[in-house]
Amino acid sequence: MPIRPLTPREATRTSRLAGLSFRTTEKLEPLDEFLGQDRAQAAIRYAVAMDQRGYNIYAVGTDGLGKRTHVLRFLEAHARGEAAPDDWCYVNNFDNPREPRVLRLPAGTGSRLKRDMEKLLTELGEAIPQAFDNDKYYQRIEALKGELLKEQQHALSELAKEAETRSLKMVLNTPGGYSFVPVSGEEILEPERFKKLAQAKQDKYKQDMEEMDKRLRSSLRDVGQKEQVHRRKVRQLNEETAEQVVVHLIDELIESYSHLAAVAEHLKRVRQDLIENFSIFLPSGEEQLEASASATGSNTPPRYQINVMVSHDPAKGAPMVVDDLPAHNNLVGRIEQVTYMGTVATDFTLIRPGSLHKANGGYLVVEVEKLLEQPFVWESLKRTLRAGCIQVDALEKILTFTGTISLEPEPIPANVKVVLLGDHRMLYLLRELDPDFDELFRVIADFEDDMDRTPENEVRYARFIAGMARQQSLLPLDKPAVGRTIELAARWAEDQNKLSLHAASLQEILREASFCAREAGRKLVIADDIRQARERQQHRAGRVRDQYLETLHKNLLMIDVKGREVGQINGLTVLMLPGFEFGMPSRITATTRYGDGEVIDIERSVQLGGKIHSKGVMIMSAFISTLFAQERPIPLSAQIVFEQSYYGVEGDSASLAELCALLSSLSGIPIHQSFAMTGSVNQFGTVQAIGGVNEKVEGFFDACRMLDTHKSKSVIVPKSNVQNLMLRDDVLAAVEKGEFRIYGVEHVDEAAELLMDTPAGKLQKKGGFTPGSIYARVLERIERLRELHLEEARKRAQLGNAPKAAKKEEAEARGRKTRKARR
């Protein structure tokens with residue numbers, strides 16, 4: 001039976017939306033669910049429900065599917081129903097300031113505690129100076145000073161009286177303090193007069209002065225001890241004064257947080273430290289407060305502040321954080337430093353949270369490629385997930401680039417679900433190269449590229465379109481425009497029975513269609529706007545395609561679409577550019593000659609052919625050998641090449657065309673150049689499906705219009721690819737009129753018969769093929785070549801045997817002479 005061309009109904013599938021009765025998408029209820037992503041949704045729901053460690057998520061799928069949107073929408077809805085996690089704060093460790101302590105507080109309490117502490121410190125900043133600036137305090141201080149002064153004066157006066165009895169006087173005339181000098185009456189003996197005294201008198205003065213110096217030192221030691229007692233009394237007075245203020249104010253705060261043992265304990269330590277370090281609030285501590293203000297923006301002492309790392313609103317549920325710049329400091333936090341008067345310093349108030357802190361108790365979403373671009377971030381994330389706590393470490397410390405002393409904050413327990421967004425390539429690399437990956441990311445949410453095109457799913461897709469148009473503030477679509485968009489989604493999926501879930505492409509076409517409608521002055525998107533938007537996108541990206549068509553028009557790239565040629569065929573290829581791909585015909589030629597049976601792939605010989613293309617040529621060669629050389633080798637060599645191909649060739653979609661070109665060269669039967677074809681074959685000649693079938697058919701259609709006309713032109717595609725056809729309107733119109741034909745074939749025999757107008761041939765019981773068929777013509781040529789091969793072999797044998805016969809005759813002659821001589 002002759003193969004019939006495809007009908008327009010077979011070359012596309014229109015969308016009728018019979019299940020919906022609406023005029024515009026304004027009347028459609030938006031779809032509030034994962035469209036076609038049941039598998040991924042179930043995986044995410046499972047991971048979220050698991051409380052054990054390691055149940056983090058890797059959301060995998062091609063870019064543009066809307067993974068991020070779907071994940072965020074699901075997590076936001078789920079997080080709203082969860083309880084808000086605890087707040088986390090860092091406070092001063094009064095025992096070891098280098099190791100700040102962490103406080104865990106109920107949601108919303110951290111900010112309130114910070115405000116209460118700032119209020120307390122502000123009140124203390126006013127009350128403590130007032131307590132030390134009043135008459136009562138001054139009187140008590142003066143009394144203590146007078147008591148000390150009286151004791152000092154009494155001790156010195158006693159020494160002075162004793163010195164007078166010995167004709168000595170106590171004077172304050174040395175840097176070290178008091179000393180004794182000899183006197184005569186009321187006059188101090190000068191050194192000259194002292195030397196004139198009798199020696200016995202001088203010795204007596206010296207002895208008395210030594211004794212009085214000893215007593216003076218002893219008395220001064222007693223005075224020093226009394227000064228220490230005085231200082232203790234002053235300190236005790238100050239602490240009592242400060243305590244009266246501090247206790248009165250802070251005990252109320254302690255009482256209000258008595259239900260939180262950790263907070264109450266910290267406030268008690270603050271109370272004790274405030275009493276001991278009250279001078280911070282006095283004028284003498286203004287310099288320290290100034291340094292604090294420059295670092296923290298607060299005029300309160302930093303040692304008592306509350307550093308709130310994260311605080312949550314109890315009414316808003318669990319946090320959901322997206323980290324678009326997952327650098328090390330942004331992920332695990334950082335410890336800042338300040339410079340004040342030439343000195344670099346830090347404290348616990350300068351600890352800053354990272355996205356892990358902010359997402360703790362909730363969900364953190366990160367793109368895996370951005371994460372891996374940052375140095376040491378992947379290891380820090382793994383360390384956090386393994387240890388179950390967030391440790392704030394400076395990157396310099398990890399790299400040991402600095403020896404400066406820094407803080408070592410207490411780790412914060414981590415309870416966060418991490419969601420990585422990435423593609424399959426990154427997933428496979430992580431699984432292969434990192435043995436910890438499967439342990440830490442146990443759940444893979446695999447997003448589908450497309451979904452089944454059923455009437456129910458078309459209705460859901462229409463609602464999805466309506467929701468996207470409403471969300472993007474685009475013009476509503478009428479029913480034919482929705483149907484055209486659904487047909488375009490099937491084109492993107494390259495399957496009449498599938499719908500693409502590539503949300504980015506859908507969003508772009510809806511935006512441009514809305515622009516086209518507004519440009520035309522309409523308030524509604526119609527089907528023609530969808531068509532026009534698609535054409536505009538193709539035109540913007542089609543510079544290379546147009547240049548290719550121009551080379552065809554100028555005959556710079558040689559393609560024949562008329563006549564018949566032996567060993568020459570129009571293959572179809574697809575050129576893939578970023579964001580755009582198009583099909584184009586390429587001339588394939590095959591030549592055959594007497595040889596050793598090798599099929600030479602010229603593309604591979606010059607290293608322009610890829611591995612899959614070379615595999616296709618080998619499979620084609622195996623088909624020829626199986627068909628014609630099961631018992632004897634073929635004394636024939638063939639060369640196959642893509643003419644005017646200056647770039648790499650990959651894929652096996654041209655193997656059917658290459659095989660038909662080879663059969664034409666072997667049989668001598670010419671091929672109709674009005675045909676182009678695509679498809680791969682196996683060793684039994686069965687035609688297999690290929691990719692890019694729509695682009696290839698449309699590419700040949702455009703090339704024919706540029707060179708001559710599309711009329712009376714044909715394309716052969718694998719029959720298994722018919723379901724992938726979703727062709728342009730102009731191509732379908734030409735098919736409808738019978739001007740452009742598309743054939744679906746299942747075997748190379750069918751393709752060869754179409755191309756050469758000759759039966760392929762059937763294997764006869766007595767051997768050989770149907771007389772006059774393509775295979776019979778091929779076999780006839782092979783037999784002729786075999787006869788030539790045998791004839792040449794006989795000649796070589798004869799040439800090889802002649803020297804042997806001559807040598808044999810010469811040997812026999814020598815033997816006869818020897819025997820004759822003996823006789």
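This short presentation covers two sheets, a pair of helices, several loop residues and the cysteines of the structure shown above.

Good morning, colleagues. Please keep in mind throughout that this is a predicted model.

I shall begin with the parallel sheet. Five strands make up this open sheet, and their order is 8-13-16-1-17, with parallel pairing. Which strands stand at the edges? Strand 8 and strand 17, the latter covering residues 443–446, have a single partner strand each, so one side of each lacks a neighbour in the sheet. From one strand to the next, the twist averages 20 degrees.

Strand 13, residues 363–367, deserves a closer look. Four of its five residues are buried, so strand 13 is largely enclosed by the rest of the structure. On one hand, strand 13 is joined to strand 8, residues 320–323, by four bridges, and the two run parallel. Within that pairing, V322 stands opposite V365 of strand 13. On the other hand, strand 13 pairs with strand 16, residues 417–422, through five bridges, also in the parallel sense. There, Y363 has K417 in strand 16 as its bridge partner. As a general point, side chains in a regular strand alternate between the two faces of the sheet.

A helix accompanies this sheet. Helix 2, residues 38–49, lies across strand 1 (57–60), strand 13, strand 16 and strand 17. Relative to strand 17, helix 2 runs at about 155 degrees.

I turn now to the antiparallel sheet. Here three strands form an open sheet in the order 3-2-7, and the pairing is antiparallel. Strand 3, at 101–105, and strand 7, at 307–310, are the edge strands, each pairing on one side only. Ignoring direction, neighbouring strands of this sheet are turned by 30 degrees against each other on average. How many bridges join strand 2 to strand 7? There are three, and strand 2 comprises residues 87–91. One position to locate on the display is Y90, whose bridge partner in strand 7 is N307.

Next, a helix pair. Two packed helices are generally described by the angle between their axes and the distance between the axes. For helix 25, residues 693–707, and helix 26, residues 729–736, the axes come within 10 Å and cross at roughly 75 degrees. The two helices, 25 and 26, are therefore roughly perpendicular to each other. Which residues meet at this crossing? Helix 25 contributes V697, E698, F701 and R705, while helix 26 contributes D730, V731 and A734. By character, the residues of this contact divide into four nonpolar, three charged and no polar.

Let us move to the loops. Most residues other than glycine have a negative phi. Two residues in this model depart from that pattern. F376, which is not a glycine, has a positive phi of about 70 degrees. F376 sits in the loop between helix 12 (368–373) and helix 13 (377–387). With a relative accessibility of 41%, F376 counts as partly exposed. The second case is S712, another residue other than glycine, with a positive phi near 60 degrees. The loop that holds S712 runs between helix 25 and strand 29, the latter at 713–718. S712 is likewise partly exposed, at 47% relative accessibility.

A further loop residue is T758, found between helix 27 (748–756) and helix 28 (774–822). Is T758 buried or exposed? Its relative accessibility is 15%, and T758 therefore counts as buried, the cut-off being under 20%. Leaving aside residues up to four places away in sequence, T758 touches I669, A752, E753, G772, S773 and I774. For one of these, G772, the separation along the chain is 14 residues, and the C-alpha atoms of T758 and G772 are 8.1 Å apart.

Finally, the cysteines. A disulfide is a covalent bond between the sulfur atoms of two cysteines. How many disulfides does the model contain? The count is zero, with sulfur atoms required to lie within 2.5 Å of each other. C389 illustrates the point: the nearest cysteine sulfur belongs to C89 and is 18 Å away. C389 is partly exposed, with a relative accessible area of 25%. C516, by contrast, is buried, at a relative accessible area of 2%.

To close, I would draw your attention once more to strand 13, which is largely enclosed by the rest of the structure, and to the roughly perpendicular helices 25 and 26. Thank you for your attention.

Terms used
Residues are numbered from 1 along each chain as its sequence is written. This is a predicted model: local features need pLDDT of at least 70, side-chain atom pairs count only at pLDDT 80 or more; totals for chains, interfaces and linings use all residues. Side-chain values use heavy atoms; hydrogens and water are left out. Axes are lines fitted to C-alpha atoms, for helices over the stretch in contact, and angles run from 0 to 180 degrees between N-to-C directions. Angles under 35 degrees count as roughly parallel, over 145 as roughly antiparallel, 65 to 115 as roughly perpendicular and the rest as oblique. Contact means heavy atoms within 4.5 Å. Ala, Val, Leu, Ile, Met, Phe, Trp, Tyr, Cys and Pro count as nonpolar, Asp, Glu, Lys and Arg as charged, and the others, Gly among them, as polar. Two strands pair if DSSP finds at least two bridges between them. Buried means under 20% relative accessible area, exposed over 50%, partly exposed in between (1.4 Å probe, protein chains only).
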